[in-house]
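Colleague: I am new to this structure and would like a close look at a single part of it. Please take one enclosed space and the strands around it, then work outwards from there.

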Amino acid sequence: MKGKYLDPKADLTFKKVFGEHPDLVMSLLNALLPLDEGQQIEYVEYLPAELVPENPGKKNSIVDVRCREKGGRHFIVEMQMNWNHQFEQRVILNASKAVVKQLDVNEDYKLLQPVYSLNLINDVGFNAGPDEFYHDYAIVNVAHTDRIIEGLRFVFVELPKFKPQTIKEKKMAVLWLRFLTEINKGTSEAPKELLENPETSKALGILEKSAYSESELYAYDRYWDYVNYERGIVEGGYHKGHVEGREEGRKEGREEGRTEERYASARKMKADGMTAELIAKYTGLTAEEIAAL
């Protein structure tokens, strides 16, 4: 690795920057979430990243960063390298779990606080125009889209589509998106604008290669191996949806093929010492399935 910095989009670095520094994740959320004037976040505390369902027979899930502000709003931040529809469904599941986990059995529904899900994607996954990189979803009335049921908000940002000139009058949004798209393992000198801003300058300091141990750098390299492997599977069609009109037997065959690919991928990840948490994230397998490999 020739550059001075590591790529902030890697699992290890992303969690170090935004999962260990409340001021930085707060700045990122304020910059990229659709918060009205007077609703800016002023304080956050981290919550466990693992979302355990009430029913032990249901699926656990782990997010990159989960936090809550003093007023009660909950925030989930995810960095996804490769787009797939499993990720889209996982986002819905995780945000719903964050709503459900707020209340104990006898507590009143009025205590529920909104959940915001911010999803940064280093891929193109929406059927939208080439410049439409920011996707804001809310629960709206179909006939009157200005009528919103508060409680769940989903934001997806397609990083490859981002261009600095596409955002006006939101300096921090531009700086954070430049941080995520312009800094990588080949970066020897960071842009002046990022170094001059206190938040992005601090984040750059966290990314300096010299601050990482040999084992962390090894894990960082292995992470990119798995990202590239997963992307190869996606491009090969293993994660594509069933083609409408094909006979059921062929559908089942493809499903079995995808399952075998996930198991094969998980075995390689486990053999290389990757944590069960990351294996589950990239393959969709449960902790029990991974332990049995």
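Modeller: What follows is a walk from the second largest cavity out through the neighbouring strands to other parts of the protein.

A word on the source comes first. This is a predicted model. The protein has 293 residues, and 42% of them count as buried. Its secondary structure comes to 10 helices and 8 strands. Take the contacts in the protein with a separation of 6 or more: residues 24 or more positions apart account for 63% of them. The exposed surface is about 15900 Å², and carbon and sulfur atoms supply 50% of that area.

Now the cavity. Rolling a probe the size of a water molecule over the atoms shows where empty space is left. A search of the whole structure finds 2 cavities of 30 Å³ or more. The second largest cavity holds about 50 Å³ of space.

Which residues line the second largest cavity? The lining consists of P114, V115, Y116, A138, I148, I149, E150, G151, L152 and R153. Two elements give two or more residues to this lining: β6 (115-121) and β8 (148-158). The largest share comes from β8, with 6 residues. By class, the lining divides into 7 nonpolar, 1 polar and 2 charged residues.

How do these two strands relate? β6 and β8 pair in the parallel sense, over 7 bridges. One point to find on the screen is S117, which stands opposite F154 in β8.

β8 has another partner. Strand β7, residues 134-140, is joined to β8 by 7 bridges, and the two run antiparallel. Here V140 stands opposite I148 in β8. I148 is also among the residues that line the cavity. A138, another lining residue, falls within the span of β7.

Go back to β6 and step the other way. β5 and β6 pair in the parallel sense over 7 bridges. In β6, the bridge partner of H74 is V115. V115 is one of the cavity-lining residues as well.

β5 deserves a pause. Is this strand enclosed or open to the outside? It spans residues 74-80, and 7 of its 7 residues are buried, so β5 is largely enclosed by the rest of the structure. In a regular strand the side chains alternate between the two faces of the sheet. Both faces of β5 are covered. H74, I76, E78 and Q80 are buried on one side. F75, V77 and M79 are buried on the other.

One more strand follows. β4 and β5 pair in the antiparallel sense over 4 bridges. In β5, the bridge partner of R66 is I76. β4 and β5 form a hairpin, with 4 residues between them. In the turn, G72 has a positive phi of about 115°.

β4 (65-69) also leads to an open space. It is one of the elements that supply at least two residues of the lining of the second largest pocket. The others are α1 (11-18), α7 (214-235) and α9 (276-283). About 450 Å³ of space lies in this second largest pocket. Of the 25 residues that line the pocket, D11, L12, K15, E277 and L278 are the closest to its centre. α7 gives the most to the lining, with 6 residues. By class, the pocket lining has 13 nonpolar, 3 polar and 9 charged residues.

The last stop is V44, in strand β1 (residues 44-46). V44 is buried, with a relative accessible area of 6%. Which residues does V44 touch, leaving out those up to four places away in sequence? They are P22, V25, M26, C67, R68 and E69. The residues V44 and R68 are 24 residues apart in sequence, yet 5.3 Å apart in space, C-alpha to C-alpha.

Some of those contacts belong to helix α2. This helix covers residues 22-32, and 9 of its 11 residues are buried, so α2 is largely enclosed by the rest of the structure. The buried residues are L24, V25, M26, S27, L28, L29, N30, A31 and L32. Among them, V25 and M26 touch V44.

To retrace the route: start at the cavity lined in part by β6 and β8. Cross from β6 to its parallel partner β5. Then take the hairpin from β5 to β4, and follow β4 to the second largest pocket.

Definitions and conventions:
Residues numbered from 1 in each chain as written. Predicted model: local features only at pLDDT ≥ 70, side-chain atom pairs only at ≥ 80, totals over all residues. Heavy atoms only, no water. 1 Å grid on protein atoms, 1.4 Å probe; cavity = no way out; pocket = protein on both sides within 12 Å on 5 of 7 lines; lining within 4 Å. Points joined across faces, edges and corners; volume = space filled by probe spheres on them. Nonpolar A, V, L, I, M, F, W, Y, C, P; charged D, E, K, R; others polar. Pairing = 2+ DSSP bridges. Buried < 20%, exposed > 50% of the residue type's maximum accessible area, 1.4 Å probe, protein only. Contact = heavy atoms within 4.5 Å. Areas by Shrake-Rupley, 256 points an atom, 1.4 Å probe, with all protein chains shown as cover.
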